[in-house]
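I opened my notebook and looked up a few things in this model. Here is what I wrote down, entry by entry.

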Amino acid sequence: MGNHALLHPFAPPAKPESEMINIVRAEGSTLYDDQGNSYIDGLASLWYCQIGHSRPEMADAVDAQMRELAAYNTFDPFTNPPAARAAEMVAERSPLTDGRVFFGCTGSDAVDTALKLARLHAQRTSGAERQVVIRRTNGYHGTNFGGTSAQGIAPNREGWGDLVPHFIEVPNDDIEVMATAFAEHGERVAAVIAEPVQGAGGVFPPPEGYLAGVRRLCDQHGALMILDEVICGFGRTGEWFGAQTFGVTPDMMTFAKGVTSGYLPLSGVIVSRRVCESIEEPGFLLRTGYTYSGHPTVAAAAVKNLEIITDEGLVDRAHHVGARLTEGLAALAADGLIASHRGEGAVQAAVLDRPSMDVRNDMLRRGVIVRPINDVLALCPPLVITDDEIGRIIDTMAESLRTVT
């Protein structure tokens, strides 16, 4: 029998379905496959399950909303209570408390929306020439055409033909090179897009003062600062958003993943007052959006998830999780098992002296899931993970590093 119908993302299409690990059940920070094996979820699925898996409160909230109003669009003239409430809850936890929230489904469409809004703002305030977006090496901004053009991971941009024009790449850690890019293109730069901590590119926290420097350059040259908070948002770095962790206020913020802990797909853009004012003039029609923007059932999942994160103090708990992970990784480095480690809050990475895929595979056989990125093993567990489970992740990593030479 050949391949099944399911074509997997970021996977070799030639790999048969029978060779995939078939996850059938999950609870807390533990997953179970169809062979009865259990795994500690050291990546919160894909950087998103803040509150842990299979929480009955989430199922109840979604069930109750589905019985009342499962789905309806929010194109003019319609709205619904969960969408309006979720937008309020997201905005009030962000540094853009007087901003507005535009909902989508995935981080990728949130990024594309932010890029469109940045160019729209520039067209309406500066004129047609201001279209350039500055991106950073290692930045990951999803896989739609806009986000593919905006990302600084070169292999992900290859093979798709011509991408969106007017993107300029600068190194991820050099404010001087960005200043030079602004000096050369300043009048044409609509926005800079940056993750507070670069996630999928290899877990790179920003250099000291770097994001504040980006903010200054944007202000000097009339450009917008877009923070891509898809991974960093909703407690991951020890504040509600990475913007707060690093003390910067952007003009727009993209979010997804942790907003519902992945229970249902939701994303969005938090749009600052400054950008809102350029589009709020009477008679102007915003010609972008998605069928499922503000989907009531998905919004109800966000409301319940944000309540849980708030009530259980999970934003603050990210500091504890991060400290335990850092402690474990420091011990591995002291033993010479890893080259170094880096991260912020509850997103961390072990830097190896070799490619990470074989070590990941051995850890998988031992029942621990981490993410291999080049020479790095990324860790981003649910914020409800126990100290014992963190210990098991670190111990398993040590065993695998000793085994895989």
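The entries below go through a sheet, two residues and some cysteines.

**Entry 1: the sheet**

I began by reminding myself that this is a predicted model. Then I asked in which order the strands of the four-stranded open sheet lie. I read the order as β1-β2-β3-β13, and I noted that the pairing is mixed. Next I looked at the edges, where I found β1 (23–27) and β13 (368–369). Each has a single partner strand, so one side of each is left without a neighbour in the sheet.

I then followed one pairing in detail. Strands β1 and β2 run antiparallel to each other and are joined over four bridges. For Ala26, I found the bridge partner in β2 to be Leu31.

**Entry 2: Thr30**

I stayed with strand β2, which covers residues 30–33, and picked Thr30 in it. Is Thr30 buried or exposed? I noted a relative accessible area of 15% for Thr30, and it counts as buried because the cut-off is under 20%.

I also wanted to know which residues Thr30 touches beyond four places away in sequence. My list reads Arg25, Ser38, Tyr39 and Glu389. For a distance, I took Asp41: it is 11 residues from Thr30 in sequence, and the two C-alpha atoms are 5.8 Å apart in space.

**Entry 3: Leu364**

My next stop was helix α13, residues 357–365, where Leu364 sits. I wrote down 19% relative accessibility for Leu364, which counts as buried. Leaving out neighbours within four places in sequence, I found Leu364 in contact with Ile21, Tyr39 and Ile369. Tyr39 was already in my notes as a residue that Thr30 touches. I also looked up Ser400, which lies 36 residues from Leu364 along the chain, and their C-alpha atoms are separated by 9.5 Å.

**Entry 4: the cysteines**

How many disulfides does the model have? My count came to zero. I checked Cys49, which is in no disulfide: the nearest cysteine sulfur belongs to Cys380 and is 10 Å away. I added that Cys49 is buried, at a relative accessible area of 2%.

Then I asked why Cys218 has no bond to the closest cysteine sulfur. That sulfur is in Cys232, and at 17 Å from the sulfur of Cys218 the distance is too far for a bond, because a disulfide needs the two sulfur atoms within 2.5 Å. Cys218 is buried too, and I noted 0% as its relative accessible area.

Note on methods. Residues are numbered from 1 along each chain as its sequence is written. This is a predicted model: local features need pLDDT of at least 70, side-chain atom pairs count only at pLDDT 80 or more; totals for chains, interfaces and linings use all residues. Side-chain values use heavy atoms; hydrogens and water are left out. Helices (H or I, at least four residues) and strands (E, at least two) are DSSP runs, numbered from the N terminus. Buried means under 20% relative accessible area, exposed over 50%, partly exposed in between (1.4 Å probe, protein chains only). Contact means heavy atoms within 4.5 Å. Two strands pair if DSSP finds at least two bridges between them.
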